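Biologist: I'm new to reading structures like this one. Could you show me how to go about it, one feature at a time?

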Amino acid sequence: MSLPLLLEIGTEEIPDWMIEPALNHLQSLFQELLEQNRLSANWMRTDATPRRLVLRAEGLAERQADSEELVSGPPKAAAFKDGQPTGAALGFARKMGVEVAALEVQTTARGEYMCYRKKAAGRETLQILADALPELILKIYFPKTMYWTGKGGPRFIRPIRWIVALVGDRVAAFEVAGVRSGDRTYGHRLLGGRELLVNCGNYEQILRDNFVLVSAAERRARIETGLAGLGVKVKPDPALLETLVYITEYPTPILGGFDPEFLKLPEEVLVTVMRHHQKYFSVEDAEGGLAPHFVAVMNTSADPEGLVRRGNERVLRARFNDARFFWNVDQHKPLVDRVADLAHVTFQTKLGSYLDKTKRVVKLAKRLSKLAKMDGVAAERAALLAKCDLTTDMVKELTELQGVVGGLYARAQGEPEEVWRAIYEQYKPESMEDTIPATPAGRLLALADKLDTLQGCFRVGLVPTGSRDPFALRRAAQGVVKILVEGKLGLPLAKLLGKDPALAEFFLDRVKHYFREVRGFAYDEVNAVLAAGWDDLTDVESRLEAIQAVRPTENFEPLAASFKRIKNILRQAGIDTARARPLIDAALLEAGPEAELLSAFERLRSRVKQFRKKREYRTALESIASLRPRVDLFFDKVLVNAPDEKIRRNRLTLLHNLLNESSAIADFSEIVTSTEPRPAGSGPQEEKAQPYE
Amino acid sequence: MDTFQEVLFKLKKYWSERGAIIQEPYDLEVGAGTMAPETFLRVLGPRPYRVAYVQPSRRPADGRYGENPNRLYKHWQLQVILKPSPADVIDQYLGSLGAIGIDLRKHDIKFEEDNWESPTLGAWGIGWQVMLDGLEITQFTYFQQCGGIDLDLVPAELTYGLERLTAFLQGKDSVYDIEWAPGATYGDVRLADEVQFSVYNFEMADVATLWKLFELHEKECQRLLESWRDYPDKKRFPVLPAYDQVLKCSHLFNLLDSRGAISVTERVAVIGRVRRLALGAAQCWMEQTAAEVVQ
């Protein structure tokens with residue numbers, strides 16, 4: 001007979017963002033449990049509301065299959081003496097809990113051994129689960145847990161208040177944190193019943209009748225239907241929708257309004273208040289502007305008297321009033337008069353105040369503008385004012401809006417557009433999907449700010465480890481890479497990063513990540529290009545594009561294979577390819593393929609140099625690739641390891657020159673050619689390239 | 001419609017019926033009800049305790065000269081400690097809202113993640129902000145640690161923002177318009193307080209004097225804590241007066257902060273100084289109560 005399972009862990013409200021990962025973990029823990037116990041299910045699903053984690057399965061066997069195991073004992077020769085069992089045999093039998101007569105003889109490659117055929121009747125699934133579920137429940141991972149029954153007690157995300165554990169129609173009886181499992185659940189806190197008797201079949205419906213939608217999809221659908229029925233254009237916000245799905249058991253959207261007078265405040269401020277502080281959807285008017293409405297999602301069925309709507313409207317009015325108050329008060333002291341106040345705002349204990357940071361960033365912005373041969377006046381001004389919004393009441397209240405508020409204030413205070421825009425966009429890009437600042441001054445400021453944070457944190461040892469990156473340095477470095485490449489800023493990274501090899505290495509990882517994951521270049525092309533230097537990321541991009549374009553041509557991969565061969569030969573000869581190339585003695589060359597290779601190479605060399613200078617890497621690569629027949633012929637006909645030491649040296653020098661010329665664009669030996677297998681787990685090859693050359 | 005004071009009476013009555021001792025506010029300046037010894041010290045150790053009290057809480061930096069309808073230099077908290085927390089603590093809490101006339105079936109209530117931490121007190125807990133129709137009315141915390149000590153019994157701390165709650169009940173947009181008692185508004189009772197203390201905290205408090213006071217209280221606290229080890233009759237040892245000195249230091253720190261007198265490099269160090277005192281007092285209290293249990 002096959003049985004269904006229902007496990008419901010009833011808790012106090014779990015933080016919404018932790019729920020889905022917890023469900024995934026619950027499911028994999030349960031899958032493991034089944035496997036360990038030679039059980040299986042033919043259907044499984046997890047669900048959750050803020051107050052319950054639910055696991056359901058079907059097709060569980062009533063009991064495990066019986067098992068049989070052959071346990072080996074002493075050799076037969078040692079087990080009996082004169083037909084009588086020896087101590088060894090008696091001991092083994094005792095250990096197995098049987099008489100010697102129950103033992104068997106097993107013939108193995110090493111001879112005959114005593115053994116015992118241990119049979120175990122399969123245990124009842126109900127019992128297995130009753131034994132294993134308590135541990136499984138407490139194993140579910142949450143980022144931050146608590147104890148509540150007393151010191152040393154079990155830890156979970158929030159207190160467990162009830163448990164439903166049914167296998168078929170029977171309760172798998174156990175206890176966790178003083179809570180006994182049973183067959184009763186709880187409905188919605190305010191609208192539903194308590195101690196509701198459920199079974200595997202009617203569980204979801206009984207909860208639905210008690211104002212709990214167990215399925216997230218059902219709650220999502222209820223919100224979406226509700227939104228669609230409000231008769232207004234709700235601004236889509238998938239992340240907010242997910243939050244609301246997981247902070248409600250019975251979600252119902254309602255429409256509220258606010259005084260259009262508030263629309264004089266910047267839209268950024270209004271939307272942030274609604275979204276981040278009140279979890280409201282914004283509403284658009286016909287022109288795509290903000291309408292004086294909002295949508296709140298209640299965790300209840302209806303608001304017939306409009307009490308909830310009026311309550312939310314009053315809260316929003318107070319919040320908007322606050323924002324207006326902050327805006328007005330903040331204008332009494334323009335940003336430029338707040339620079340000195342930054343001395344009281346900590347950037348980082350060891351790195352000083354935001355005033356210290358501001359001074360550094362102003363300097364750095366100036367330096368960057370010089371390096372980039374750009375006018376730096378706007379960037380320097382923006383850098384001076386960039387952090388001043390941290391002292392404003394508006395940002396103290398709406399921290400998400402730092403930068404944006406500074407930009408809006410700078411605009412209101414008459415700063416030029418390039419200055420206020422730079423301040424407004426200083427934290428961009430906030431993710432890999434986000435765009436970089438739109439203006440040159442904005443890019444310089446964003447770069448200077450991020451580079452200062454990176455240099456400073458690395459200097460005082462605040463280096464990200466594993467998943468711990470409290471200062472979001474990975475994001476900062478990623479932002480720098482993105483701005484340099486997409487902003488076409490050919491700045492020398494070595495100069496920007498300073499001398500810290502750890503920071504260079506950290507950056508190299510970000511550079512690789514950017515070109516591979518964000519831009520989709522093949523990992524071996526990225527390795528090849530980076531190995532030839534990465535001081536100028538715009539140049540890296542050009543070289544990558546060239547390689548990508550040339551790669552499918554017929555000469556490329558065979559030539560790459562030849563270069564790999566050259567590199568190996570040179571390595572075996574003990575030649576340091578990083579050193580300056582020595583001169584070729586043409587007199588020592590053998591006529592034929594060797595001399596021809598040199599002359600072909602020399603004809604090419606100056607042209608390739610020209611192309612490289614003009615960054616016409618594709619043409620340069622195509623020229624190099626045209627050498628392929630000569631190289632092939634050389635390897636075919638000429639013995640590199642000539643017996644004469646001088647000739648041998650000279651040949652190696654020829655190869656060395658050849659390699660160096662091409663290596664300025666990419667290290668071809670990094671290219672994985674189709675004739676060789678990709679390395680196992682062909683993911684990123686983390687060989688350390690030179691930080692920069 | 002209940003007045004501000006009527007709301008207070010009803011909540012105190014409600015919690016007294018559930019076994020809480022009704023205390024009066026602690027008579028020193030504190031930033032939150034949590035800092036009163038009735039919470040900070042009583043949550044330590046293995047003794048069950050239930051207490052509720054209104055605590056006027058002073059946050060100098062939050063002052064707005066009485067001009068902001070929702071921000072106050074000093075606001076009234078109702079602090080409830082249930083140690084250990086009963087299994088039906090949330091139901092009991094929701095019952096208290098019913099007791100002040102909120103028909104929860106007609107409203108929207110949500111528990112949104114909000115963990116609490118006080119570096120100065122070496123204390124933290126796990127919990128929520130309770131949202132009523134989008135308004136945060138209560139901070140609900142399961143304490144885990146206090147004074148750097150893992151708690152034996154986990155208390156539930158309920159902190160009601162009384163002005164907000166009453167403004168909600170009375171449908172007022174400004175706390176100053178709340179009816180405190182028949183014929184008297186919150187503004188009548190408290191506006192002058194808000195204006196004058198904002199002026200003092202932001203403009204006139206003498207920084208040198210505040211620093212001097214801070215150091216005096218700190219020294220006095222250290223002197224007491226250092227004498228603990230050799231003090232013969234542990235039961236009589238003045239832990240509570242030592243803790244008063246911690247509260248003084250904490251408040252002076254807040255004042256200095258609102259005056260903008262604490263530089264970045266000092267800030268972390270000063271928090272560390274107050275924290276050391278708080279941890280010392282907590283440790284003393286633990287040892288003292290453990291000594292009593294032995295007797």
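Modeller: Sure, let's begin with contacts: two residues are in contact if their C-beta atoms, placed from the backbone, lie within 7 Å. Keep in mind that this is a predicted model, where local features need pLDDT of at least 70, side-chain atom pairs count only at pLDDT 80 or more, and totals for chains, interfaces and linings use all residues. Residues are numbered from 1 along each chain as its sequence is written, and chains are lettered from A and ligands numbered from 1 in the order in which they are written.

Biologist: How many residues does the contact take from chain A and from chain B?

Modeller: Chain A gives 35 residues and chain B gives 36 residues. For the next bit you need elements: helices (H or I, at least four residues) and strands (E, at least two) are DSSP runs, numbered from the N terminus. On the side of chain A that touches chain B, β9 (146-147), β20, α9 (307-331) and β22 (352-353) of chain A each supply at least two residues. The largest share, 11 residues, comes from α9(A).

Biologist: What classes of residue does the side of chain A that touches chain B have?

Modeller: We sort them like this: Ala, Val, Leu, Ile, Met, Phe, Trp, Tyr, Cys and Pro count as nonpolar, Asp, Glu, Lys and Arg as charged, and the others, Gly among them, as polar. That side of chain A has 15 nonpolar, 12 polar and 8 charged residues.

Biologist: Now sheets. Which strands are at the edge of the open sheet in chain A?

Modeller: Pairing comes first: two strands pair if DSSP finds at least two bridges between them. In chain A, 4 strands form an open sheet in the order β17-β19-β20-β18, with antiparallel pairing. The edge strands are β17 (233-234) and β18 (252-257) of chain A, each pairing on one side only. β18(A) is joined by 6 bridges to β20 (residues 290-298) of chain A, and the two run antiparallel. In β20(A), A:Val295 is the bridge partner of A:Leu255.

Biologist: Where does chain B have parallel pairing?

Modeller: Look at β1 (residues 21-23) and β2 (residues 49-58) of chain B: they run parallel, joined by 3 bridges. B:Gln23 has B:Tyr53 in β2(B) as its bridge partner. On the other hand, β2(B) pairs with β3 (residues 74-83) of chain B in the antiparallel sense, over 10 bridges.

Biologist: And helices? At what angle do α6(A) and α7(A) pack?

Modeller: Axes are lines fitted to C-alpha atoms, for helices over the stretch in contact, and angles run from 0 to 180 degrees between N-to-C directions. α6(A) and α7 (residues 238-245) of chain A pack at about 120°, with their axes 9 Å apart. That makes α6(A) oblique to α7(A), because angles under 35 degrees count as roughly parallel, over 145 as roughly antiparallel, 65 to 115 as roughly perpendicular and the rest as oblique. The contact includes A:Ile223 of α6(A) and A:Leu241 of α7(A). By class, the contact of α6(A) with α7(A) has 5 nonpolar, no polar and 2 charged residues.

Biologist: Last one: what is the mean pLDDT of chain A?

Modeller: pLDDT is the predictor's confidence in each residue, from 0 to 100. The mean for chain A is 90, and 96% of its residues reach 70 or more. Over residues 677-693 of chain A, though, pLDDT stays under 50.
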